Amino acid sequence: MISLTPSLFLNKTVVPGCSTRLSLRQPRTIITPPASLRVFSSLGSNQDPTGSVLIETTATSSSSLETSAADIVPKSTVSGGVQDVYGEDAATEDMPITPWSLSVASGYTLLRDPHHNKGLAFSHRERDAHYLRGLLPPTVISQDLQVKKIMHTLRQYQVPLQKYMAMMDLQETNERLFYKLLIDHVEELLPVIYTPTVGEACQKYGSIFLRPQGLFISLKEKGKIHEVLRNWPEKNIQVIVVTDGERILGLGDLGCQGMGIPVGKLSLYTALGGVRPSACLPVTIDVGTNNEKLLNDEFYIGLRQRRATGEEYSELMHEFMTAVKQNYGEKVVIQFEDFANHNAFDLLAKYGTTHLVFNDDIQGTASVVLAGLIAALRFVGGSLSDHRFLFLGAGEAGTGIAELIALEISKKSHIPLEEARKNIWLVDSKGLIVSSRKESIQHFKKPWAHDHEPIRELVDAVKAIKPTVLIGTSGVGQTFTQDVVETMAKLNEKPIILSLSNPTSQSECTAEEAYTWSQGRAIFASGSPFAPVEYEGKTFVPGQANNAYIFPGFGLGLIMSGTIRVHDDMLLAASEALAEELMEEHYEKGMIYPPFRNIRKISARIAAKVAAKAYELGLATRLPQPKELEQCAESSMYSPSYRSYR
């Protein structure tokens with residue numbers, strides 16, 4: 001009998017491609033437990049009265065201590081990514097695993113571990129093996145029945161925020177069931193987990209906050225961020241979504257309560273893109289808030305001070321970016337989310353050459369909108385270079401979309417980028433962006449300052465520019481008025497109208513307004529979901545230009561190829577891959593985006609195209625390149641099905 005006292009703390013070290021080893025801090029001896037070794041949790045019967053963890057083995061020779069620990073932690077059969085410690089990938093779905101944490105989880109501890117808890121789905125054999133008898137009712141039910149039961153409960157709620165809170169609670173108690181539910185009912189639950197409900201959740205985050213779901217890094221942690229990152233229980237992180245909460249959706253500065261955005265985005269990375277939940281890290285950078293309502297709210301959970309700017313802000317962000325690279329390496333994806341314009345562009349430019357960074361508001365939105373426009377050509381004919389584009393909104397989303405459209409036109413038409421930009425016009429809060437305003441506008445707007453007389457009102461800009469495509473990214477609701485839409489319909493047989501601002505209350509117009517005011521001729525898509533609209537006996541299905549079409553598959557493509565930098569050509573590849581998913585049946589309903597029910601297949605194809613482009617550009621490090629990239633993407637996707645426990 002070997003007794004390990006608390007001073008000899010048991011560590012688990014996981015090295016990709018290697019068997020797991022157990023190390024003792026004192027004395028400095030490295031051992032791998034033999035197959036007959038049994039590790040007991042604190043609730044097991046073999047615990048020393050002093051509180052020591054007992055390891056019992058029938059082997060006595062020292063050589064047996066070097067036996068493989070394959071019976072304790074399974075080795076992944078999938079090449080690439082971090083080792084599949086929890087048995088999460090689709091390729092390991094049929095393998096029995098051990099519910100391992102610091103020890104074999106059992107009893108009450110197992111029921112409180114969201115990675116391994118199965119609730120009433122534990123079999124009788126598993127209940128005996130893991131000391132669960134009496135801790136659960138006697139009935140054993142399937143995961144499918146659990147899904148059916150929870151959906152029945154969720155549908156009883158009338159308030160979307162109640163559904164959101166119920167889903168978050170499920171995520172914290174039974175991770176696999178949460179993702180099984182979300183994958184199986186993605187079209188119904190996506191608006192609950194993300195837009196528009198997540199906006200309300202962020203507004204009320206201080207009131208509904210129960211337990212941490214990510215890392216909060218504030219100015220108080222300055223100088224200690226490296227240590228703070230090490231506090232996160234998972235060490236093999238592949239994707240980080242980070243926000244500073246200054247521009248949450250179209251709701252403005254929500255400070256620390258913006259955490260709902262990284263949490264929601266990473267849930268979609270797993271459910272839609274197959275990135276393992278154990279490899280995802282949500283982060284909120286708290287530098288204060290300028291929202292007076294929050295500063296005076298007794299339930300606000302963030303720093304109660306005005307937002308830090310300038311050097312103080314830059315130093316904190318630089319420390320964070322440096323610490324991330326030190327902790328997780330060169331190939332961790334860092335997705336910037338909902339930063340204000342002045343910081344978003346600067347951060348992307350500053351770290352785009354040194355880190356694997358991606359701004360979803362600038363690049364993700366651009367990619368999904370470009371995909372919709374490519375698909376819409378089926379209705380209106382011609383190529384993108386034949387069309388004129390007018391944007392309402394010249395922030396991150398507007399300028400990001402405009403630049404990617406110009407890049408696509410430039411590549412397809414073989415014309416200079418500056419020439420491609422000339423058919424793209426932007427309107428901001430002061431009116432049409434023209435060359436006479438060039439000295440007074442922000443640097444990211446300057447490429448769009450074309451020669452034209454100043455125009456203040458949007459409807460006048462529509463009449464003057466005569467666009468075939470009208471895109472709203474203003475964050476201000478009801479700005480596509482009846483006059484604006486009717487003018488677009490007079491100028492075009494099939495006007496393309498994209499009302500992209502979130503949440504629903506901030507949408508530039510509704511689907512019903514777009515179809516009614518255009519007499520059923522508009523090609524319409526929005527940022528938040530709208531129900532189908534019936535006009536003069538015909539049913540129109542409005543598209544949702546949701547970033548969730550792009551970023552999960554895009555991120556998976558970066559991970560599976562070991563890409564070290566994001567290139568614009570990868571965004572173009574993702575857009576074209578999404579546009580290819582439209583079938584004849586979708587076009588017949590006026591759709592320019594495919595249904596979400598097939599999103600995992602779509603994400604796998606996007607991942608394959610992104611990975612292929614990374615290999616082509618020489619930015620991929622996972623060599624040799626897999627022959628079947630789409631098959632590789634599917635096999636490495638997270639599977640929420642319950643595993644059988646030894």
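Helices and strands are taken here as DSSP runs, numbered from the N terminus. The model described is a predicted one. Under this assignment, the secondary structure of the protein comes to 24 helices and 20 strands. Of its 646 residues, 58% count as buried. Among contacts with a separation of 6 or more, 70% are between residues 24 or more positions apart.

In soluble globular proteins, nonpolar side chains tend to be buried together. In the present model, the largest nonpolar core has 121 residues, and L373, I405, I471 and F554 are those with the most contacts inside it. The greatest contribution to this core comes from helix α23, which spans residues 599-617 and supplies ten residues. Another core lies apart from it and has 36 residues, including L215, I285, A308 and Y313. Within the largest core, L373 was examined individually. With residues up to four places away in sequence left out, L373 touches L384, F389, I405, V469, I471, I496 and L498. Two of the partners of L373, I405 and I471, are themselves listed with L373 among the residues that have the most contacts inside the core.

Helix α13 covers residues 341-351, and its buried residues are N343, A344, F345, L347, L348 and Y351. The elements that cover these buried residues include three helices, α12 (310-328), α14 (360-380) and α15 (396-413), together with the strands β10 (333-336) and β11 (357-359).

A search for internal space in the whole structure finds one cavity of 30 Å³ or more. The largest cavity holds about 30 Å³ of space. Its lining is formed by K325, G329, E330, V332, I334, T354, H355 and L356. By residue class, this lining divides into three nonpolar, three polar and two charged residues.

A further site of interest is S278, found in the loop that runs between α10 (260-273) and β9 (280-286). The relative accessible area of S278 is 8%, and because buried means under 20%, S278 is counted as buried. The side chain of S278 makes a polar contact, at 2.8 Å, with the side chain of E88. Beyond residues up to four places away in sequence, S278 touches Y86, E88, H115, E234, N236 and I237. E88 is thus both one of the residues touched by S278 and its partner in the side-chain polar contact.

Conventions
Residues numbered from 1 in each chain as written. Predicted model: local features only at pLDDT ≥ 70, side-chain atom pairs only at ≥ 80, totals over all residues. Heavy atoms only, no water. Helix = DSSP H or I, 4+ residues; strand = E, 2+ residues; numbered from the N terminus. Buried < 20%, exposed > 50% of the residue type's maximum accessible area, 1.4 Å probe, protein only. Polar contact = N/O pair within 3.5 Å; in protein donor to acceptor, adjacent residues only side chain to side chain. Contact = heavy atoms within 4.5 Å. 1 Å grid on protein atoms, 1.4 Å probe; cavity = no way out; pocket = protein on both sides within 12 Å on 5 of 7 lines; lining within 4 Å. Points joined across faces, edges and corners; volume = space filled by probe spheres on them. Nonpolar A, V, L, I, M, F, W, Y, C, P; charged D, E, K, R; others polar. Core = buried A, V, L, I, M, F, W, Y, C linked by side-chain atoms within 4.5 Å.
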